[in-house]
Amino acid sequence: MDWNRTKSIFIFVFLILNIFLYYFYLNRYNEAQSVEIPGEKTIEARLKEDNITYGSLPNSNEFVVYITGKVHKFTPTEFTKSNQQANIIGEDDTLVHVDFLNPVKLRNDDETSITEFVRANVKDGDSYALWKVDREQRTAIFFQKKGNRMFYYNESALLKVQWNMDNEVTMYEQTMLDNIEEMEKQETVIPPLQIIQTLYNKSLLKPDSHITQMKLGYSTMGYLTQKQVLVPTWEVQVKLDGETEEYFVNASEGNVIEIQENKQEGEEEDWGVE
C-alpha cells in the first residue's frame, strides 16, 4: 500500500467534509436569522401603522471621527475694517460684538443674500453655515462647521446677524472654535433607520409626523483641558401639525443628546431691535 497516497486521499476527503459542514452550518445560521419572532413587527411596519413618514434617507456607509477644538480669544487687531466697530466682551475675550457704522444693505432677506453677506463681511465667515432665519425679529443664526457638518447649538461656535427694516445689517455677534483637529479613532455611523427607531422607541416620534431632514454634524460632548470634544451627531427634524421639532442622536453610540438648554438660550436672547 502506498501510504503517502492513502494519507493524501484522507486529507482531501476530510477537507471536503469540513467545507460541507461549514456551508451546512452557514445555511442553518442564515435560516435562523431570518425567522421572524411571532408578534414582533419591523420598525417600518410600526411607522406605517402610526403614519410616521420620511423621504429618502442619507447614505450611512461611512466612518466618522470625534474632533476637538479650542475656544477662540478675539483681539482688536482682527477687526480693522473702517466700517466696523468691534467690542470684545467678557473677561475671557471669547465673544465679539461688531456694529456697522454704515449699515450694509442686503440684496434681500433670503438665505442666499444673508449667507453672501456673512462670507464677505464676517471674520472667517465661510466657516459658518446658516441654521435659522427669523424674519419677524430680523435675525439669522449661523453655526460654525467643519466641512459641511455643523456644530449644533454650541455657544462657543455661533454667529448671530441682525438687520433693520430697510434690510440693512447693523451688527453681528460671534464666537468661534479654532485649532480644530480630528481624533484618531474612527467610528461606524449608525444607519438613519436605526436612529429613527431609537426616537420611536423613546416615544419622541408622534403619529402622523413627518421626518423632513436627517443630517450629520457635531455636538459638544465635553471638555478636555482647554479644548472641547465634539461627537458626530445625527440631526433629525420632525414636522407635526405645522410645527418642527429637532432631535439629536449620537451617530456612533445611538443615545439621544439633550441640548435644549443651549437651544433656548440661542432663541430667547433679546437683540434689542429698533
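This section describes the overall composition of a predicted model, then helix 4 and the surroundings of Gln-228.

The protein chain contains 5 helices and 13 strands. Of its 274 residues, 40% are buried. The accessible surface amounts to about 16,900 Å², and carbon and sulfur atoms account for 49% of that area. When contacts between residues at least 6 apart in sequence are considered, 59% of them link residues at least 24 apart.

Helix 4 spans residues 192-201. Its buried residues are Pro-192, Ile-195, Ile-196, Thr-198, Leu-199 and Tyr-200. After helix 4 comes Ser-203, which has a positive phi, near 60 degrees.

Gln-228 belongs to strand 12, which covers residues 227-240. The relative accessibility of Gln-228 is 1%, and the residue is therefore classed as buried, the cut-off being under 20% relative accessible area. A polar contact connects the side chain of Gln-228 with that of Thr-220, at 3.3 Å. Thr-220 also appears in the list of residues in contact with Gln-228 once neighbours within four places in sequence are set aside. Beside Thr-220, this list holds Gly-222 and Tyr-223, together with Ile-67, Thr-68, Gly-69 and Val-71. The remaining entries are Asn-154, Ser-156 and Leu-177. Gln-228 of strand 12 thus combines a buried position with a side-chain polar contact to Thr-220.

Notes. Residues numbered from 1 in each chain as written. Predicted model: local features only at pLDDT ≥ 70, side-chain atom pairs only at ≥ 80, totals over all residues. Heavy atoms only, no water. Helix = DSSP H or I, 4+ residues; strand = E, 2+ residues; numbered from the N terminus. Buried < 20%, exposed > 50% of the residue type's maximum accessible area, 1.4 Å probe, protein only. Polar contact = N/O pair within 3.5 Å; in protein donor to acceptor, adjacent residues only side chain to side chain. Contact = heavy atoms within 4.5 Å. Areas by Shrake-Rupley, 256 points an atom, 1.4 Å probe, with all protein chains shown as cover.
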